[in-house]
Amino acid sequence: MVKNAELPEAVRVPAGHTQSMFTVGSGELTYECREKKDMAGAFEWAFVGPVATLSDAKGTVVGKYYAGPTWESNDGSKVTGKQVAVSPAAAGNIPLQLVKANPASGAGVMQGVSFIQRLNTVGGVAPALPCGAEQKGSKKVVGYKADYAFYKPAM
């Protein structure tokens, strides 16, 4: 069980919501070397999207995570969401994140999910490789792991 009070304030789930599910995401994030918006001639590794499997505490695959962002359970239910806040993680790891969920589609465990937290991140940061005109359009895949905690309104 996630102890919200011990998390950085930015990624705490608001009062009135209880944890309904906990998964470990393991996969990869794709970055592409692109020209920066509003900065002609400057380039950066831009986030393209995630692909990860979601497993329960026993290591059984219970779903998947992919661009949207979308969390999809093996029971067919899925939820998308919008990032509300982030909080820095240790160096070399993508930030912690709080996502407000949109209404789920399909009947199943994702039905009624209100918030999703990304916690205990490992890896996933943009590559520390050259990114300039010569690399424009090239893609790099970076491995990562993170815990995803799902919340529903308290009854």
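## A walk through the strands

Let's start in the middle of the chain, where strand β5 and strand β6 (residues 96-101) run antiparallel and pair over six bridges. Strands here are DSSP runs of E with at least two residues, numbered from the N terminus, and two of them count as paired if DSSP finds at least two bridges between them. One place to look is V86, which stands opposite Q97 in β6. Before going on, bear in mind that this is a predicted model, where local features need pLDDT of at least 70, side-chain atom pairs count only at pLDDT 80 or more, and totals for chains, interfaces and linings use all residues. Residues are numbered from 1 along each chain as its sequence is written, and side-chain values use heavy atoms, with hydrogens and water left out.

Now step back to what comes before β5. Strand β4 (residues 70-73) pairs with β5 (residues 78-87), again in the antiparallel sense, over three bridges. T70 faces T80 in β5. The two strands make a hairpin with four residues between them, and in that turn G76 has a positive phi of about 95°. There is another thing to spot just ahead of β4: G68 and P69 are joined by a cis peptide bond, with omega about -10°. P69 sits in the loop between β3 (61-66) and β4.

Follow the chain the other way, and β6 pairs with β7 in the antiparallel sense over four bridges. Here K100 has F115 in β7 as its bridge partner. β7 in turn is joined to β8 by seven bridges, and these two also run antiparallel; Q117 has A149 in β8 as its bridge partner. How many of the nine residues of β7 are buried? Seven of them are, so the strand is largely enclosed by the rest of the structure. Buried means under 20% relative accessible area, exposed means over 50%, and partly exposed is in between (1.4 Å probe, protein chains only).

N120 in β7 (residues 115-123) is exposed, though, with a relative accessible area of 53%. Its phi is near 50°, a positive value in a residue other than glycine. D38 also has a positive phi without being glycine, near 60°. You'll find D38 in the loop between β1 (17-35) and β2 (43-55), where it is exposed at a relative accessible area of 82%.

Next, the cysteines. Taking a disulfide as a pair of cysteine sulfur atoms within 2.5 Å, the count comes to one. The pair is C33 and C131, with sulfur atoms 2.1 Å apart, and the link is right-handed, with 105° about the S-S bond. C33 belongs to strand β1 and C131 to the loop between β7 and β8 (139-153), so the pair ties together parts that are 98 residues apart in sequence. C33 is buried, with a relative accessible area of 0%.

What about the inside? In soluble globular proteins, nonpolar side chains tend to be buried together. A nonpolar core is a set of buried Ala, Val, Leu, Ile, Met, Phe, Trp, Tyr and Cys residues joined through side-chain atoms within 4.5 Å. The largest one here has 24 residues, and those with the most contacts inside it are W71, M110, I116, Y144, Y148 and F150. β1, β2, β6 and β8 each supply at least two residues of this core, and β8 gives the most, with five. A second, separate core has ten residues, among them L7, V13, L119 and A149.

A46 is a good spot for seeing how β1 and β2 meet. This residue of strand β2 is buried, with a relative accessible area of 13%. Leaving aside neighbours within four places in sequence, A46 is in contact (heavy atoms within 4.5 Å) with T30, Y31, E32 and R34. The C-alpha atoms of A46 and T30 are separated by 8.5 Å, with the two residues 16 apart along the chain.

Finally, look for the largest pocket. Which residues lie nearest its centre? They are F47, Y65, Q83, Q97 and R118, out of 19 that line the pocket. β1, β2, β3, β5 and β8 are the elements that give two or more residues to this lining, and β2 gives the most, with four.

Notes
1 Å grid on protein atoms, 1.4 Å probe; cavity = no way out; pocket = protein on both sides within 12 Å on 5 of 7 lines; lining within 4 Å.
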